[in-house]
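Reader: I would like a close look at a single helix in this chain. Please describe how it is placed and what lies around it, and then carry on outward from there.

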Amino acid sequence: MAAGYEVSRMHMAEACGLLRHPDGPSRIAASGPTSAVYGLGDADAVRVGRATGLSACEVQAMTWSRFVGTAVRSELIEASPRERFRVMKASWIDPRELRFCPSCIDEKDGRWPLEWCTPWAFACLRHGCYLLAECPTCRTPIRAGIRLGQGVCRGFEKHHLTDAVTWRCGMEYRKMQAPDLQDKLLAYLQRLLDSHLSSTRLEFVHARGDFADLAAMAEFALFLAAPEHLDGADPVVVQSFAEFRRRSALTHGGPMLEEAEPMVRTAGLRIASQIVFSDNPWATARAIADFASRPLASRARPLHEAWLKRPPQDTTERLEGIVRSVRIAAPSTRGPDGRILERALYE
Ligand SMILES: [Zn+2]
Ligand SMILES: [Zn+2]
């Protein structure tokens, strides 16, 4: 909007009533304790409503508060400003991330929905493509807050000795090419998630369970699945997952989830959906990796340790057995003298 009126984002935010003296730019940042994107107080929402002609509800619908109870854990409402980012991360969302569909951006003059900052939006069903999370030319990641409508990629290369910029990408966001979505399974999943993201209060509980279960099983997949578990997926999804697995194999203690790019998490979600929505999630998960045998297979160890430290939250009874088995330690046994014998937990 700021770009459309040729003013700065700060001026536009002021005109919309989002900023009040002495608010600074941190108020319109994608994250940070004072960011308005998390949700507005009632008085703020009314003020923005007056300035823009929108109802307080419509104003709040543009903030994360819209997804509380579905994609975002309900703790967000009570969380102190400093805690908000942690709640978002625990909900599997990094508000600084952004994915986008170039054709939508072109049609809507740069406007984009907040869903695009979540891993729950990975494809545009209208244009039949994956959302882009990085520039296809130079692989510079897309971040929330950039001007997609008029903007160009700011990726550049520097001379390795002189530090002088030798090349600038300059690719227009709206002209970027997004990979085609052929995969029926991911298209189906995106349709389901779209309807969950727009669910009304009555459907909240059900949707929250699906989000929590999918996030937990995607984590399971990132730790334990292999590219062959992506049978039928589009090549771009398989390739990014294979690359992630290769990198993970080099690190001690399992994959670095923080380094899983959006496309890798989409791969994880695809595998997760096959577990979560199967008739027997336990058996489907166990076919991917035996998480329930004791001693525990060594490749299951990093997940075991990760979930001991931070178990998945809000998962439904569908996954109860899986979560319990991954977290359980080796059963202890007593020797003839009644003392507990150490049993090997790992192979
Ligand atoms: Zn689109
Ligand atoms: Zn670029």
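Author: Helix α7 covers residues 184-197, which is 14 residues, and its first and last C-alpha atoms are 20 Å apart. That is close to the 20 Å expected at 1.5 Å a residue. The model is a predicted one, and every value here is computed from it.

The two sides of α7 can be told apart by burial. L186, L189, Q190, L193 and H196 are the buried residues of the helix. They lie on the same side of α7, because the arc they cover around the axis is only 120°. An α-helix has 3.6 residues a turn, so residues three or four places apart point the same way. On the face turned away from the buried side, α7 carries the exposed residues K184, R191 and S195.

One partner of α7 is helix α10, residues 262-276. The axes of α7 and α10 come within 10 Å and cross at roughly 80°. The two helices are therefore roughly perpendicular, since crossing angles of 65 to 115 degrees are counted that way. At this crossing, L185, L186 and L189 of α7 meet L269, R270 and S273 of α10. Of these, L186 and L189 belong to the buried residues of α7.

Helix α10 also has dealings with helix α11, residues 281-288. Their axes come within 7 Å and cross at roughly 140°. α10 and α11 are therefore oblique to each other; an angle has to be over 145 degrees to count as roughly antiparallel. The residues that meet here are Q274, I275 and V276 in α10 and P281, T284 and A285 in α11.

Helix α9 is tied to α10 as well, for α10 is included in what covers the buried residues of α9. Helix α9 runs over residues 235-250, with 16 residues and a reach of 23 Å from first C-alpha to last. The expected value at 1.5 Å a residue is 22 Å, and the reach is close to it. In α9 the buried residues are V237, V238, S240, F241 and F244. These sit on the same side of α9, because they cover an arc of only 170° around the axis. The face turned away from them carries the exposed residues P235, R246, A249 and L250.

Two of the α10 residues that meet α11, I275 and V276, also touch M217. Leaving aside neighbours within four places in sequence, M217 is in contact with A272, I275 and V276. M217 and A272 are both named, along with F100, L131 and A221, as the residues that touch the most other members of the largest nonpolar core, which has 86 residues. Helix α8, residues 204-224, gives the most to this core, with 13 residues. In soluble globular proteins, nonpolar side chains tend to be buried together.

For the chain as a whole, the secondary structure comes to 13 helices and six strands. Of its 347 residues, 35% count as buried. Among contacts with a separation of 6 or more, 60% join residues 24 or more positions apart.

Some details of the backbone lie in loops. Most residues other than glycine have a negative phi, and most peptide bonds are trans. R139, which is not a glycine, has a positive phi of about 65°, and its place is the loop between β2 and β3. R139 counts as exposed because it has 12 other C-beta atoms within 10 Å, and 12 or fewer is the cut-off. D163 is another residue other than glycine with a positive phi, near 70°. D163 is in the loop between β3 and β4, and with 8 C-beta neighbours inside 10 Å it counts as exposed. The peptide bond from R294 to P295 is cis, with omega near 0°, and P295 lies in the loop between α11 and α12.

The loop that holds R139 also holds C138. With 16 other C-beta atoms within 10 Å, C138 is partly exposed. Not counting residues up to four places away in sequence, C138 touches C153, G155 and C169. C138 and C153 are 15 residues apart along the chain, and their C-alpha atoms are separated by 8.6 Å.

Notes
Residues are numbered from 1 along each chain as its sequence is written. Chains are lettered from A and ligands numbered from 1 in the order in which they are written. A nonpolar core is a set of buried Ala, Val, Leu, Ile, Met, Phe, Trp, Tyr and Cys residues joined through C-beta atoms within 7 Å. A residue is buried if 20 or more other C-beta atoms lie within 10 Å of its own, exposed if 12 or fewer, and partly exposed in between; C-beta atoms are placed from the backbone. Helices (H or I, at least four residues) and strands (E, at least two) are DSSP runs, numbered from the N terminus. Two residues are in contact if their C-beta atoms, placed from the backbone, lie within 7 Å. The expected span of a helix is 1.5 Å times one less than its number of residues. The arc is that of the directions from the helix axis to the C-beta atoms. Axes are lines fitted to C-alpha atoms, for helices over the stretch in contact, and angles run from 0 to 180 degrees between N-to-C directions. Angles under 35 degrees count as roughly parallel, over 145 as roughly antiparallel, 65 to 115 as roughly perpendicular and the rest as oblique.
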